[in-house]
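Here are a few exercises to work through with the model open beside you. Try each task before reading its solution.

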Amino acid sequence: MLSRYRWALVLVAIAGLTIVLLPFASELPDGLEQAAEMFSFAGRERTLYTAPMRDYSLPWLSGFGGQAVAALVGIFVVSGLTFLLGKSIKKVRRS
Amino acid sequence: MHIPDGFLSVPVLVATDITAAIAVGFALRQASKELDERQVPLMGVTAAFVFSAQMLNFPVIGGTSGHVLGGLLTAILVGPNAALIVMTVVLIVQALLFNDGGVLALGANIINMAVIGSWCCYWIYRWLTRILRNENIAAAISAWLSVVLSAIACALELALSGTVPLTVVVPTMAAIHAVIGLGEALVTVAAIAFVKKLKPEIVHG
């Protein structure tokens, strides 16, 4: 098994690679968005709750900077939460 | 493929939210019986990979883009029940921190991408591995199916909600995601090969 240090390194590598590739990510609408435009139901979208980093951007930092911060926050939040959840549900070893 | 709020009707939202809650509860219970401590860091890292991959859209056809789902890859790495949990955490964070997918629509998104796109397609992968006797081909087909079946489920939910007719939305979503699925298949097979080369013992299989 990898040591904790190496897992952290893998996480940093994923974060680094994401930041490097982010400028090349396509801004074109995805399949659902395209279908919504084609069949005129895009207007039905409702925002019931406004997220702090809506659409992976920050209100106080526009452009790539905002996206990069959003990506880093997301990466560390999902991995941290998943790790904690995994820790809390893992099977208990019987001695 | 993340469905925002406003696209689905109340009955579909209720049905999908309840079904998703049951599915996640089941996965948590199963995972608590089988999840080894050594798999937990891998769960965290795959969650990071899935989140990142879903941020990096690539152009497909007709002015459309797509992104890797990562559902089957996650299931092969950490097992189907843990994968359902990983995908659910990613979807919840995407909705609550980034408005990527609706809050009430979380149930539908969990069913489409975590249950169908990860858990179900893992068992399709296992079945295909047995009959084709080739893990790579099985993974490629199952990864492709994970995207297409998720998209069809999404289309069915939209049609059942009365948002768009079934006869137009299902073929359209299936066709677009059939192309996106090719990217999913490629990334899944490459990623599994990469991990197996580095540390084959961490792969759940």
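Helices (H or I, at least four residues) and strands (E, at least two) are taken as DSSP runs and numbered from the N terminus. Keep in mind that this is a predicted model.

**Exercise 1. Write down the order of helices and strands in chain B.**

Solution. Begin by counting: chain B holds seven helices and two strands. Then walk along the sequence, and the pattern reads α-α-β-β-α-α-α-α-α.

**Exercise 2. Decide whether the radius of gyration of chain B agrees with that of a compact globule.**

Solution. Start from the length: for 205 residues, the globule rule gives a radius of gyration near 17 Å. Chain B has 16 Å, so the two agree. Next, look at the extent of the C-alpha trace, which is about 45 × 35 × 30 Å along the principal axes. Finally, turn to the inside: 60% of the residues in chain B are buried. Of the contacts with a separation of 6 or more, 73% join residues 24 or more positions apart.

**Exercise 3. Work out whether α4(B) is enclosed or open to its surroundings.**

Solution. First check the geometry of the helix. At 1.5 Å a residue, its 19 residues should span 27 Å, and the end C-alpha atoms lie 26 Å apart, which agrees. Now count burial: 16 of the 19 residues are buried, so α4(B) is largely enclosed by the rest of the structure. Just past the helix, B:Asn99 adopts a positive phi of about 55°.

**Exercise 4. Find the residues with the most contacts inside the largest nonpolar core.**

Solution. That core contains 94 residues, and the ones to pick out are B:Val86 and B:Val90. Leaving aside residues up to four places away in sequence, B:Val86 touches A:Thr82 as well as B:Met43, B:Thr46, B:Ala47, B:Val50, B:Thr74 and B:Val78.

**Exercise 5. Describe the side of chain B that touches chain A.**

Solution. Take the totals first: 59 residues come from chain B and 48 from chain A. Several elements of chain B supply at least two residues each, among them α1, α4 and α7. The top contributor is α2(B), with eleven residues. Sorted by character, this side has 37 nonpolar, 15 polar and seven charged residues.

**Exercise 6. Classify B:Val189 as buried, partly exposed or exposed.**

Solution. Locate B:Val189 in helix α7 of chain B. Being buried would take 20 or more C-beta neighbours within 10 Å. B:Val189 has 18, so it counts as partly exposed. Its partners beyond four places in sequence are B:Asn136, B:Ala139 and B:Ala140.

Definitions and conventions:
Residues numbered from 1 in each chain as written. Chains lettered and ligands numbered in written order. Predicted model: local features only at pLDDT ≥ 70, side-chain atom pairs only at ≥ 80, totals over all residues. Contact = placed C-beta atoms within 7 Å. Nonpolar A, V, L, I, M, F, W, Y, C, P; charged D, E, K, R; others polar. Expected span 1.5 Å × (residues − 1). Buried ≥ 20, exposed ≤ 12 C-beta atoms within 10 Å, placed from the backbone. Core = buried A, V, L, I, M, F, W, Y, C linked by C-beta atoms within 7 Å. Rg over C-alpha atoms; globule rule 2.2 N^0.38 Å.
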